[in-house]
Amino acid sequence: MTETARHSNASVEHDADRTEGISFPPSAEIRAIVFDLDGTLYVSNEFADAIQDSAAVYLSGVLGVGEQEAHEAMAATRNRLTKERGVTQTLSAICASLGGSTADMHAFFQKQLSPESYLARDSRVVDLLESLGHRYALYLYTNNNRVLTERITALLGIAGCFSKVFSIEDTWRAKPDEERLEQILETLGLPPRDVLFVGDRYEVDLRLPEQKGCPVFLSRSIDRLLALGQLLDSSGD
Ligand SMILES: [Mg+2]
């Protein structure tokens with residue numbers, strides 16, 4: 001089974017992420033799947049906006065400015081770093097660049113954010129993970145913190161699906177991070193070609209794993225995520 005990597009759209013997204021172009025070697029003998037959480041196992045623009053708003057409130061305290069000014073500082077920093085580094089920048093990188101602490105920001109998130117207001121169980125995703133869990137070891141690797149990850153996965157009905165969860169406070173090294181990725185692959189005890197990475201941001205979730213030799217799958221919608229099950233079914237694994 002092949003999944004064609006093809007760009008039909010020449011326009012470049014503002015965040016410089018790839019929207020298509022997955023590597024999915026048909027010969028891959030996949031034994032484990034490492035999922036990103038936010039934007040991958042659920043999609044909610046409203047909750048994503050709430051996270052940005054909460055970060056702006058936290059950074060307004062760090063910078064001693066109003067919330068709107070903090071939003072503007074975040075946008076300017078995101079644009080500047082993205083230009084300098086050539087890839088999309090995470091909230092962790094923006095927070096650090098503005099003098100904030102990733103740990104403090106996540107402590108703030110835990111108090112302020114209410115995923116319960118935005119997210120609901122999607123039985124298609126639960127069924128997919130339960131089905132994949134019979135054939136593969138499933139892991140979660142997220143830039144989110146452990147408390148929110150537990151609340152979100154409980155809301156989604158998928159909390160029991162993972163052999164292990166790798167969250168931001170394990171090392172406070174946000175994705176993308178090569179050293180952390182190597183640690184995770186070592187923990188899994190599998191060669192890279194056996195470990196499929198699934199995420200919604202190519203530069204953040206997939207570029208480093210792909211460079212290490214892992215198959216990767218880019219998914220930015222639940223329909224796309226569900227197609228993963230069909231791809232794996234038809235890959236003959
Ligand atoms: Mg994500």
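This is a short presentation on the fold, the cores and some local features of one protein model.

Good morning, colleagues. The model before you is predicted, and what I describe was computed from it. I begin with the overall architecture. The protein has nine helices and five strands. Read from the N terminus, these elements follow the order β-α-α-α-α-α-β-α-β-α-β-α-β-α. Of the 237 residues, 32% are buried. If we take the contacts between residues at least 6 apart in sequence, 68% of them join residues at least 24 apart.

Let me turn to the sheet. In what order do the strands of the open sheet stand? The order is β3-β2-β1-β4-β5, and the pairing is parallel. At the edges are β3 and β5, the latter formed by residues 216-218. Each of these two has a single partner strand, so one side of each has no neighbour in the sheet. On average, and ignoring direction, neighbouring strands here are turned by 20° against each other.

Within the sheet, I would draw attention to one pair. Strand β1, residues 32-35, and strand β2, residues 137-141, are joined in the parallel sense over four bridges. One residue to follow here is I33, whose bridge partner in β2 is L138.

The same residue leads us to the interior. Which residues touch the most other members of the largest nonpolar core? This core has 37 residues, and the answer is I33, V34, F35, L140, L196, F197 and V198. Strand β4, residues 195-199, supplies the largest share of the core, with four residues. Leaving aside residues up to four places away in sequence, I33 touches L132, Y136, L138, L196 and V198. Apart from this core lies another, of 11 residues, including M74, L91, A93 and I94.

I now come to a pair of helices. Helix α7 spans residues 178-188, and helix α8 spans residues 202-212. The two pack at an angle of about 65°, and their axes are 11 Å apart. Their crossing is right-handed. On the side of α7 the contact is made by E178, L181 and L185, and on the side of α8 by L208, P209 and K212. By character, four of the residues in this contact are nonpolar, none is polar and two are charged.

Which residues of α8 are buried? They are Y202, E203, V204, D205, L206 and P209. The cover over these buried residues includes α7, β4 and β5. After α8 comes G213, which has a positive phi, near 105°.

Finally, I wish to mention the loop between β3, residues 164-166, and α7. As background, most residues other than glycine have a negative phi, and most peptide bonds are trans. Two features of this loop stand against that background. W172, which lies in the loop, is not a glycine, yet has a positive phi of about 60°. Is W172 buried, partly exposed or exposed? With 13 other C-beta atoms within 10 Å, W172 is partly exposed, because a residue counts as exposed at 12 or fewer and as buried at 20 or more. P176 lies in that loop as well, and the peptide bond leading to P176 from K175 is cis, with omega near -5°.

To close, I return to the central picture: an open sheet of five strands with parallel pairing, and a largest nonpolar core of 37 residues, to which β4 gives the largest share. Thank you for your attention.

Conventions. Residues numbered from 1 in each chain as written. Predicted model: local features only at pLDDT ≥ 70, side-chain atom pairs only at ≥ 80, totals over all residues. Contact = placed C-beta atoms within 7 Å. Core = buried A, V, L, I, M, F, W, Y, C linked by C-beta atoms within 7 Å. Pairing = 2+ DSSP bridges. Axes fitted to C-alpha atoms, helices over the stretch in contact; angles between N-to-C directions. Left-handed = near helix turned anticlockwise from the far one by under 90°. Nonpolar A, V, L, I, M, F, W, Y, C, P; charged D, E, K, R; others polar.
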